[in-house]
Amino acid sequence: MPHDEQDHLERISNVSLYAAGANAATIKHSFHIAQRYLTGSSLLEMGPAEGVMTELLATTGQSLTLVEGSRLFCDDLRKRFPQAQVVHSLFEDFSPAEQYDNIILGHVLEHVQNPVDILTRAKQWLKPDSGRLFAAVPNARSIHRQAAVIMGLLPQEDALNEMDHHHGHRRVFTPETFRSAFYQAGLNIEVFGGYWMKPVSNRQIEQHWTPEMLEAFMQLGERYPDIAGEIYILASVPAIREND
């Protein structure tokens, strides 16, 4: 495992906030959407971090494999999910012996050096005829980012803000660049969607919103995916045509 990337992941894991506040609510809503599309009996979660999504995936009855680049997170995941196979590895070094019915990448592609390469690898780990891959990322076109540009707080919508730097994000996808990564990886996009209509920052939401408000705005974002705070794609391996 390259030392630079390993050090990068360990630094992120030591200050990670994905299990806190509005971030945890976001991941839980993402699970409710991903659950609609689960198939078969095996599931690979890539980059579970603190395991917020894993806690919910563990209730589905799927056979779980977790691949995580942070040793700190892996040690914790093994204690909390003894029924899961936990693999400490960069995605670039991961070489599973099986193919999976489901692959989940929750808040992963904005972190990695080459998202097209990671999706291309994941395609090989997906069962070709029936497998489904679900990925979710923050949306550069979220209305809170558009407002930040108008107020002069961000130079452009896809610029990294303070929390992006804290989380170790390397990019913020627009709906177009997100879909493009899947097309370049040779995956078939079955569903594009969004959730969480997010007018202000996480800090403002956590200070002033009730849990009921947060849940309502999570659902409201599903009506307006292009400007939602989070966007997702459900993808599969394209069918091989007879003349190919």
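## A first look inside the fold

Serine 142 is buried, with a relative accessible area of 0%. That is a good place to start in this structure, which is a predicted model. Serine 142 sits in the loop that runs between strand S5 (132-138) and helix H6 (143-150). Setting aside neighbours within four places in sequence, serine 142 touches Lys198, Ile227, Ala228 and Gly229.

**The whole protein**

Now let us step back. Ten helices and seven strands make up the secondary structure of the protein. Its C-alpha trace spans about 50 × 45 × 35 Å along the principal axes. For 244 residues, a compact globule would have a radius of gyration near 18 Å, and the 17 Å of the protein agrees with that. Of the 244 residues, 51% count as buried. The accessible surface comes to about 11,600 Å², and carbon and sulfur atoms hold 50% of that area. Among contacts with a separation of 6 or more, 73% join residues that are 24 or more positions apart.

**The nonpolar cores**

Which residues of the largest nonpolar core touch the most other members? They are Met46, Ile103, Leu105, Leu109, Leu133, Phe178 and Phe182, out of 31 residues in that core. Two or more residues of this core come from each of strand S1 (42-46), strand S4 (102-106), helix H5 (115-125), S5, helix H8 (175-184) and strand S7 (230-236). Helix H5 gives the largest share, five residues. Another core, of 28 residues, lies apart from this one, and Ile27, Ile33, Tyr37 and Ile205 are among its members.

Isoleucine 103, one of the residues named for the largest core, shows what such a place looks like up close. Beyond its neighbours within four places in sequence, isoleucine 103 is in contact with Leu44, Met46, Ala122, Trp125, Leu126, Arg132, Leu133 and Phe134.

**Two residues in strands**

Isoleucine 104 has its place in strand S4 and is buried, with a relative accessible area of 2%. Outside the stretch of four places on either side, isoleucine 104 contacts Ala34, Leu43, Leu44, Glu45, Met46, Met53, Leu57 and Phe134. The C-alpha atoms of isoleucine 104 and glycine 186 are separated by 17 Å, with their positions 82 residues apart along the chain.

Leucine 234 belongs to strand S7 and, at 2% relative accessibility, counts as buried. Leaving out neighbours within four places in sequence, the contacts of leucine 234 are Tyr37, Arg132, Leu133, Phe134, Asn188, Ile189, Glu190 and Val191. Between the C-alpha atoms of leucine 234 and aspartate 164, which are 70 residues apart along the chain, the separation is 24 Å.

**Positive phi in two loops**

Two residues that are not glycines have a positive phi, and the table puts them side by side.

| Residue | Phi | Loop | Relative accessibility |
|---|---|---|---|
| Alanine 49 | about 55 degrees | between S1 and helix H3 (52-57) | 14% |
| Tryptophan 196 | about 75 degrees | between strand S6 (188-195) and helix H9 (202-208) | 1% |

Is alanine 49 buried or exposed? Alanine 49 is buried, because its relative accessible area of 14% falls under the 20% limit. Tryptophan 196 counts as buried too, at 1% relative accessibility.

**Aromatic rings**

The structure holds six aromatic pairs. One of them joins phenylalanine 173 and phenylalanine 178, whose ring centres are 5.5 Å apart and whose planes stand at 55 degrees, so this pair is tilted. Where do these residues sit, buried or exposed? Both phenylalanine 173 and phenylalanine 178 are buried. Phenylalanine 178 is also among the residues that touch the most other members of the largest nonpolar core.

Elsewhere, ring pairs link Phe134, Tyr195 and Tyr232 into a cluster. Phe134 has already come up several times: it is listed among the contacts of isoleucine 103, of isoleucine 104 and of leucine 234.

A ring can also have a charge for company. Which charged end sits over the ring of phenylalanine 192? It is that of arginine 179, 4.5 Å from the centre of the ring.

How values were computed: Residues numbered from 1 in each chain as written. Predicted model: local features only at pLDDT ≥ 70, side-chain atom pairs only at ≥ 80, totals over all residues. Heavy atoms only, no water. Helix = DSSP H or I, 4+ residues; strand = E, 2+ residues; numbered from the N terminus. Buried < 20%, exposed > 50% of the residue type's maximum accessible area, 1.4 Å probe, protein only. Contact = heavy atoms within 4.5 Å. Phe/Tyr/Trp six-rings, centres within 6.5 Å; stacked < 30°, edge-to-face > 60°. Lys NZ or Arg CZ within 6 Å of the ring centre and 35° of its normal. Rg over C-alpha atoms; globule rule 2.2 N^0.38 Å. Areas by Shrake-Rupley, 256 points an atom, 1.4 Å probe, with all protein chains shown as cover. Core = buried A, V, L, I, M, F, W, Y, C linked by side-chain atoms within 4.5 Å.
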